[in-house]
Amino acid sequence: MRKGVVVRRAVRVGFLLVALGFGAYAVASQWDAVVAGFAALSWPMLAGSLVAVVAALLGAMLTWRTLLADLGSPLPLRPAAKVFFVGQLGKYIPGAVWPMLAQMEMGRDLGVPRPRSAAAFFLMMPIQLASGLLVALGALGWDRFGWLLLFVPVLLVLLEPRVINGLIGFGLRKLKREPLERPLTRRGMLTALGWALLGWGCYGVHLFFVAPEAGLVFAMGAFALSWCLGIMTFVVPAGAGVREVAMVAVLAPVMDAGQAIAVALCSRIVIILGDLLCAGLAGISARRDSV
């Protein structure tokens, strides 16, 4: 076995262990509050919330897979799921680049050029931010959250394929990399947006199971807004803390502060479990295909 292959495999194993360690720490560091919050929930509610999170994560994976295919690297479903879900565990490590680096490395083994993997990764952010802010605005109403309209024009410009292709080309030239062989198309962008909107609906169902008194529509808007605010804090692993503070503030009109804190913590833990479950199942499924 070549030395380079051994090194890459060791780096992947180390990456996975570190990511799992940070995920476990995220649970253990908040254990008392988590136990108190979970005590108020039934097992069917938690199971329903976890199923909804898995469905939302599948929507995110299909958003990424659509972008990658539109850029010229269509992947079968199971290998794509492994690359995306295992790579996404890197978001629990401080720093914003770990998921991208993991996806680039694993995608390389499937014949995906590294610049193409990086482009698909970065394209996920404006798509999810734009769709999330639009969902939040529509679900939470204009009276309290009309200020979200300030962000929409900028994000809509960033969703224009000609603008995106120009930005990607500029970045690759600065990095002295070859340009992308295939530019992003409007059809690919709209398909990716569709999967992203489906994901927000599933995340809303997830929060509704944890806090049914808020109502399904309100839950969709509350989660979308808190996620968008959390993802804007690149230096915080997976938006830890920021998303919970935002969610508590958004839930304030429908429940007291203590209950809102418990809901936010329960939501965080269910999502961590969903990330770990998806990564584990995708890895097992892809391994069986390779046997």
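**Helix 3 and its surroundings: a short walk-through**

Let me start with one residue, M61. Setting aside neighbours within four places in sequence, M61 touches L77, A80, A81, F84 and F85. M61 sits in helix 3, and its relative accessibility of 2% puts it among the buried residues, because the cut-off for buried is under 20%. Please keep in mind throughout that this is a predicted model.

Now, the overall picture. The protein has 13 helices and zero strands, so to speak an α-α-α-α-α-α-α-α-α-α-α-α-α pattern when you read along the sequence. Of the 291 residues in the protein, 47% are buried. If you like contact maps, here is a number for you: take the contacts between residues at least 6 apart in sequence, and 72% of them join residues at least 24 apart.

Back to helix 3, and to the partner I'd like you to look at. How do helix 3 and helix 10 pack, in angle and in distance between axes? The angle is about 170°, and the axes are 8 Å apart. That is why helix 3 is described as roughly antiparallel to helix 10: the label applies to angles over 145 degrees. As for what lines this contact, its residues divide into 16 nonpolar, nine polar and one charged.

You can follow the pairing along the chain with two C-alpha distances. M61 and W195 are 134 residues apart along the chain, yet their C-alpha atoms are separated by 8.8 Å. Then there is V51 with V205: 154 residues apart in sequence, and 9.4 Å from C-alpha to C-alpha. V51 also belongs to helix 3. Is V51 buried or exposed? It is exposed, because its relative accessible area is 58% and the cut-off for exposed is over 50%.

Next stop, T66, again in helix 3, which covers residues 43–70. T66 has a relative accessibility of 16%, and therefore counts as buried. What does the side chain of T66 have for polar company? One of its polar atoms lies 2.7 Å from the backbone oxygen of L62. Beyond its neighbours within four places in sequence, T66 is in contact with G188, T191, A192 and W195. Helix 10 spans residues 186–210, so you can find those partners on your screen while I talk.

Let me move on to the core. The largest nonpolar core has 78 residues, and those with the most contacts inside it are W64, L67, F85, I127, F223 and L251. Which helix gives this core its largest share? Helix 6, residues 114–140, with 12 residues.

I127 is a good residue to click on here. Leaving out neighbours within four places in sequence, its contacts are T63, L67, L159, M189, A192, L193 and A196. You'll remember A192 from the contacts of T66, and L67 from the well-connected core residues.

Last one: Q128, which is placed in helix 6. Q128 is buried, as its relative accessible area is 16%. Once neighbours within four places are set aside, Q128 is in contact with A60, W200, W227 and C228.

If you'd like one view to take away, display helix 3 alongside helix 10, roughly antiparallel, and then bring in I127 with its contacts. Thanks, everyone, and I'm happy to take questions.

Note on methods: Residues numbered from 1 in each chain as written. Predicted model: local features only at pLDDT ≥ 70, side-chain atom pairs only at ≥ 80, totals over all residues. Heavy atoms only, no water. Helix = DSSP H or I, 4+ residues; strand = E, 2+ residues; numbered from the N terminus. Buried < 20%, exposed > 50% of the residue type's maximum accessible area, 1.4 Å probe, protein only. Polar contact = N/O pair within 3.5 Å; in protein donor to acceptor, adjacent residues only side chain to side chain. Contact = heavy atoms within 4.5 Å. Core = buried A, V, L, I, M, F, W, Y, C linked by side-chain atoms within 4.5 Å. Axes fitted to C-alpha atoms, helices over the stretch in contact; angles between N-to-C directions. Parallel < 35°, antiparallel > 145°, perpendicular 65-115°, else oblique. Nonpolar A, V, L, I, M, F, W, Y, C, P; charged D, E, K, R; others polar.
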